[in-house]
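Let's take a friendly walk through some side-chain and backbone geometry. Please keep your viewer open as you read.

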Amino acid sequence: MQKIMSVRGSLEQGSLDQRIKEIYVDEQRVPYNRERYIRAIDRFTELFPSEKEIEIYSAPGRSEVCGNHTDHQNGMVLATSINLDAIAIVAKAEEPVIRLVSGDFPMEEVDVADLSMKEEEQSTTTALIRGVAAGMKERGHKVGGFTAYITSDVLMGAGMSSSAAFESLIGTILSGLYNDMKVSSIEIAQIGQYAENIYFGKPCGLMDQMACSVGGMIFIDFKEKEHPEVRQVHTDFEKAGLSLCIVDTKGSHADLTPDYAAVPAEMNQVAQALGREHLREVPRETFFKELPKLWKETSGRAVLRAIHFYEEEERVLRGVKSLEESDYPGFLSVIKASGDSSAKYLQNIYSPKDVDSQNVTVALAVSESILGENGVCRVHGGGFAGTIQAFVKNEAVAAYKEQIEAIYGDDSCHVLKVRLQGGIRVL
């Protein structure tokens, strides 16, 4: 713990600028984040005036790069943390109660002496907090109370995993305050998924939490789900002359849970028709051999989504190989193919129950027209609404940003960096 006014003074004087640059990988964003931290400390002081010592924690949002909707089938993904994050100003509490304010929302209170799942809390922030604390305790880690103010610039409902960043942040805080930062980033990710699946009630995979918790460009193989293979993949997009752009198409993720749930459910139907739980357990050749039977026993969309899974598995491996060999043209071709498959076979670029709302589809069509040979684009994250991703040649970024924002509004195109750190204690 450090004296709150000492930390604020260090921020004002620029003494922590180097630390901020290390985290956010962009010197131009240092002043913005410096002021953001100062505002967060001031808000914490307003909320909890008796607290005199603090710690600061951070967990990033994420961008899925390849492996769209494969993690819930124990598949392989390529994902990266980004330099947008949730930060928390935190003080350890003597009583076993978590008191937390996030942004402008009312204060949340969770008694860590009662971590049982409560049906009435499903789909609430309270459920995520209680679920993460419960997951930590069930795995044998210590939990306790704290006060916190959280602010996030990870866009909500935009495919950057604001909820996974929040879960990773709570897990990292409990790791720091009560477990000497010894809870692994992989375990924090698994606990976050548990909180979202069981306590919040959303059937998400593990990729979002893993990308937010671990950090950097990472390859994840979920074949052994309890012990996934995770390794960082070296990238140098600056040297390659490429920027990562995320475009917020202003589409809402509200009421889309049935669409998301149908993807793993239909893939599981195919696997179960072949006597397995997940597609990863079914060899590719077996699936294609049995395809005539599967068509009759499941559905056309389920079969198409299964085809996407098998093709996407191979694309992930090609994408990793391209990055490791600094073959960026090869990498871009993989991303384009992945996006095309998501649109045609996975079918997650708009909701079938609202065919008039096609923000993502329009953004993809317009982006392809604008970019030509200057980049590639694809649906981003879970899909159905929200954002698209584009890898754009640096010299074309300004024109792309200007033209796409003419449609979706100012600051709808976010030019981002790959963040090298996942969930961390800042100081």
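The paragraphs below go from aromatic rings to a helix pair and then to two backbone angles.

Before we start, please bear in mind that this is a predicted model. A good way in is through the rings, since a pair of aromatic rings is described by the distance of the centres and the angle of the planes. The structure holds eleven aromatic pairs. Take Tyr260 and Phe384 as one of them: their ring centres lie 5.4 Å apart and their planes meet at 75°, so this pair is edge-to-face, given that the cut-off for that class is over 60 degrees. Where in the chain do Tyr260 and Phe384 come from? Tyr260 belongs to helix α9, which covers residues 257–273, while Phe384 sits in the loop between β10 (375–379) and β11 (387–393). The pair thus links distant parts of the chain, with the two positions 124 residues apart. Both Tyr260 and Phe384 are buried.

Stay with Tyr260 for a moment, as its ring has another partner: the charged end of Lys202 sits over it, 5.3 Å from the ring centre. A similar arrangement can be found at Tyr24, where Arg419 lies over the face of the ring at 5.9 Å from its centre. Aromatic residues also gather in a group, with Phe237, Tyr328, Phe331 and Phe391 forming one cluster.

Now turn to two helices, α14 (residues 359–371) and α15 (residues 394–408). They pack with their axes 11 Å apart and at an angle of about 150°. Angles over 145 degrees count as roughly antiparallel, and α14 and α15 are therefore described that way. Their crossing is right-handed. On the α14 side, the contact involves Asn359, Val362, Ala363, Val366, Ser367, Ile370 and Leu371; α15 contributes Tyr400, Gln403, Ile404, Ile407 and Tyr408.

Finally, have a look at the backbone. Most residues other than glycine have a negative phi. Val25 is not a glycine, yet its phi is positive, at about 55°. You will find Val25 in the loop between α2 (17–24) and α3 (30–47). Is Val25 buried, partly exposed or exposed? Its relative accessibility is 33%, so Val25 counts as partly exposed. Asp411 also has a positive phi, near 60°, in a residue other than glycine. This residue, Asp411, lies in the loop between α15 and β12 (413–416). With a relative accessibility of 57%, Asp411 counts as exposed, because the cut-off for that class is over 50%.

How values were computed: Residues numbered from 1 in each chain as written. Predicted model: local features only at pLDDT ≥ 70, side-chain atom pairs only at ≥ 80, totals over all residues. Heavy atoms only, no water. Phe/Tyr/Trp six-rings, centres within 6.5 Å; stacked < 30°, edge-to-face > 60°. Helix = DSSP H or I, 4+ residues; strand = E, 2+ residues; numbered from the N terminus. Buried < 20%, exposed > 50% of the residue type's maximum accessible area, 1.4 Å probe, protein only. Lys NZ or Arg CZ within 6 Å of the ring centre and 35° of its normal. Axes fitted to C-alpha atoms, helices over the stretch in contact; angles between N-to-C directions. Parallel < 35°, antiparallel > 145°, perpendicular 65-115°, else oblique. Left-handed = near helix turned anticlockwise from the far one by under 90°. Contact = heavy atoms within 4.5 Å.
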